[in-house]
Amino acid sequence: MSRLDGKKSDAIHGDIQLSLDPSCYWDKSFFETEIRSIFRQSWISVGRFDRVPNRGDYLALEVGGIPLIITRDDAGNLNALANSCRHRGTQLLDPGRGHCQRIICPFHGWSYALDGSLLSAPKMSGVADFDLATYPLQRIPVEVRAGFIFVDPLGQAGDIDDWLGDFEALHMPWDISRLLTGYDTSLEVGCNWKAFLEVFNEYYHLPKVHPKSFSLYYATPDPGDQVRGNFATQFGRHQGTRSVAKVSDGSKPLPIFPGLKGRNRNGTRYTWLFPGLSFAVSSDALWSFIVEPLSPERTRVTLGVCFAPEVMQEDDFAERLAPYRQRMQEGLQEDLEVLKRQQHGLTSPLAHPGPYAPVLEDSVQQFHGWLRHRLPTIT
Ligand code: FES
Ligand SMILES: [Fe+2]
């Protein structure tokens, strides 16, 4: 039985704030609550806008366990549609990216346009009063902000700009909305979704987990920003290198984003847009992670690196991308090792919440505060 069902650990020990109860990272009923009350009731990012760049492109995926299709329709508009046929509910498209003119149900052949309208339904003309217009695919709210596509799976998350608060204004110096994806990939990891994003958003682990890379590249960060909106963000200055994709062969990193000024030219801003999107934006690249919780202890992660469009047009871009990919993969492998150990340790009945390191774990602490606010049943 989860400790969440019975005696709960205290969130505050004396004057010290403590991390989440360990069972939040493995308990099945808590996981189901998160899916129902967090992932289905928030604005959730499904990736960069250039995942569906052209008319006819689609992306089929699940958000909070709900099968969805994101399409770019014939008019160039973005749509978020239920991936469930209006006849008898069949899933229309397999997960993944693709291109099509029409969405045709593999069961009885109902055919939909990319904006979700029903175009044809074989042999239904004999049904009295049957009208194609009555059976479009269910639409859900979809928006693009800062170049990320967001959906609101049940239409209950409210206005996206209220949800984001200061998010767009705070990232204006990097002009994130124009950045294009240079590289992306997906993988499944054997840990809770929160643990995966937590390690990306804290500086405390750098000396032990990344002794030869990130721990050398970062000075002590600024304290986490106090912001309005459903996110945490923290800026850290670099030391000894301008780019965290430090190029070991001595070649130069990619140019600084045009217009980037002052401290932003020599540091990285780490942002966690609750619940499932996190990114680090530096002077030359944006590194992002999107999580899809599969079970309490399994998570699908989509990672990507984005760059300025003019840089991607250069002939030698593929070559210059290599160290950025390499840095991301190496850092990820080091994190995955420690995440495996953390996940195992958290499942022990003898595991307990612990205190946060000042400044270095500010974003983790802010996220836990947000989760406690959204799910008042946890301590
Ligand atoms: S379930 Fe799709 S056409 Fe019948
Ligand atoms: Fe790390």
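**Exercise 1. Surroundings of Val364**

Task: State which residues Val364 is in contact with, leaving aside its neighbours within four places in sequence.

Solution. Once the neighbours within four places in sequence are left aside, Val364 is in contact with Glu198, Asn201, Glu202 and Tyr356. The model used here and in every exercise below is predicted. Next, place the residue: Val364 belongs to helix α9 (residues 362-374). Its relative accessible area is 5%, so Val364 is buried. Finally, compare sequence and space for one pair. Val364 and Leu197 are separated by 167 residues in sequence, while their C-alpha atoms are 8.7 Å apart.

**Exercise 2. The iron site**

Task: Identify the protein donors of the iron ion (ligand 2) and explain why their arrangement is irregular.

Solution. Step one is the list of donor atoms: NE2 of His205, NE2 of His210, and two OD entries from Asp335. They lie 2.1 to 2.5 Å from the iron ion.

Step two is the geometry. The four donor atoms subtend angles of 56 to 144 degrees at the iron ion. A tetrahedral label would need all angles between 85 and 135 degrees. The arrangement is irregular because of the 56 to 144 degree range of angles. Water is not among the atoms, so sites may look incomplete.

Step three is the position along the chain. The donors of the iron ion (ligand 2) are spaced as H-x4-H-x124-D. His205 sits in the loop between α4 (193-200) and α5 (206-209), and Asp335 sits in helix α8 (residues 317-346), so the pair ties together parts that are 130 residues apart in sequence. Both His205 and Asp335 are buried.

**Exercise 3. The contact between the two domains**

Task: Describe the contact of domain 1 and domain 2 by its residues, its buried area and its salt bridges.

Solution. Begin with the bounds. The domain assignment gives domain 1 as 12-42 + 175-374 and domain 2 as 44-156. Their C-alpha centres are 31 Å apart. Domain 1 supplies 21 residues to the contact, and domain 2 supplies 23 residues.

Then take the area. About 1,600 Å² is buried between domain 1 and domain 2, with 60% of it from carbon and sulfur atoms. On the domain 1 side, the residues that lose the most area to domain 2 are Arg40, Ser42 and Ile290, which together make up 28% of what that side buries.

Last, count the charged pairs: one salt bridge is found across the interface of domain 1 and domain 2.

**Exercise 4. Salt bridges and their exposure**

Task: For the pairs Arg178 and Glu310, Arg145 and Glu143, and Arg300 and Glu292, give the N to O distance and decide whether each partner is buried or partly exposed.

Solution. The count of salt bridges comes to 15.

- Arg178 and Glu310 have their closest N and O atoms 2.9 Å apart. Arg178 lies in the loop between α3 (167-170) and β14 (180-189) and Glu310 in helix α7 (residues 309-312), so this pair ties together parts that are 132 residues apart in sequence. Arg178 is partly exposed at a relative accessible area of 27%, and Glu310 is partly exposed at 32%.
- Arg145 and Glu143 meet at 3.4 Å, N to O. Arg145 has 16% relative accessibility and therefore counts as buried, whereas Glu143, at 31%, is partly exposed.
- Arg300 and Glu292 meet at 3.1 Å, N to O. Arg300 is partly exposed at 31%, and Glu292 is buried at 18%. The cut-off that decides these cases is 20% relative accessible area, under which a residue is buried.

As a further step, look for shared partners: Glu143, Arg145, Asp161 and Glu168 are joined into one network by salt bridges. Another salt bridge pairs Arg97 with Asp184, with 3.4 Å between the closest N and O atoms.

**Exercise 5. Backbone exceptions**

Task: Find the values of phi for Ala146 and Asp175, and locate the cis peptide bond that involves Pro275.

Solution. Phi of Ala146 is near 55 degrees, a positive value in a residue other than glycine. Ala146 is in the loop between β12 (142-145) and β13 (148-151), and at 10% relative accessibility Ala146 counts as buried.

Asp175 is also a residue other than glycine with positive phi, near 50 degrees. The loop between α3 and β14 holds Asp175, which counts as partly exposed at 38% relative accessibility.

The cis bond runs from Phe274 to Pro275, with omega near 0 degrees. Pro275 is placed in the loop between β16 (267-273) and β17 (277-281).

Technical notes: Residues are numbered from 1 along each chain as its sequence is written. Chains are lettered from A and ligands numbered from 1 in the order in which they are written. This is a predicted model: local features need pLDDT of at least 70, side-chain atom pairs count only at pLDDT 80 or more; totals for chains, interfaces and linings use all residues. Side-chain values use heavy atoms; hydrogens and water are left out. Donors are N, O and S atoms within 2.8 Å of the metal (3.2 Å for Na, K and Ca); water is not among the atoms, so sites may look incomplete. Four donors count as tetrahedral if all angles lie between 85 and 135 degrees; four count as square planar and six as octahedral if opposite donors are over 155 degrees apart and all others between 65 and 115; anything else is irregular. Helices (H or I, at least four residues) and strands (E, at least two) are DSSP runs, numbered from the N terminus. Buried means under 20% relative accessible area, exposed over 50%, partly exposed in between (1.4 Å probe, protein chains only). Domain bounds come from an automatic or database domain assignment. Contact means heavy atoms within 4.5 Å. Buried area is the accessible area (1.4 Å probe) that two parts lose on being put together, summed over both. A salt bridge is a side-chain nitrogen of Lys or Arg within 4 Å of a carboxyl oxygen of Asp or Glu.
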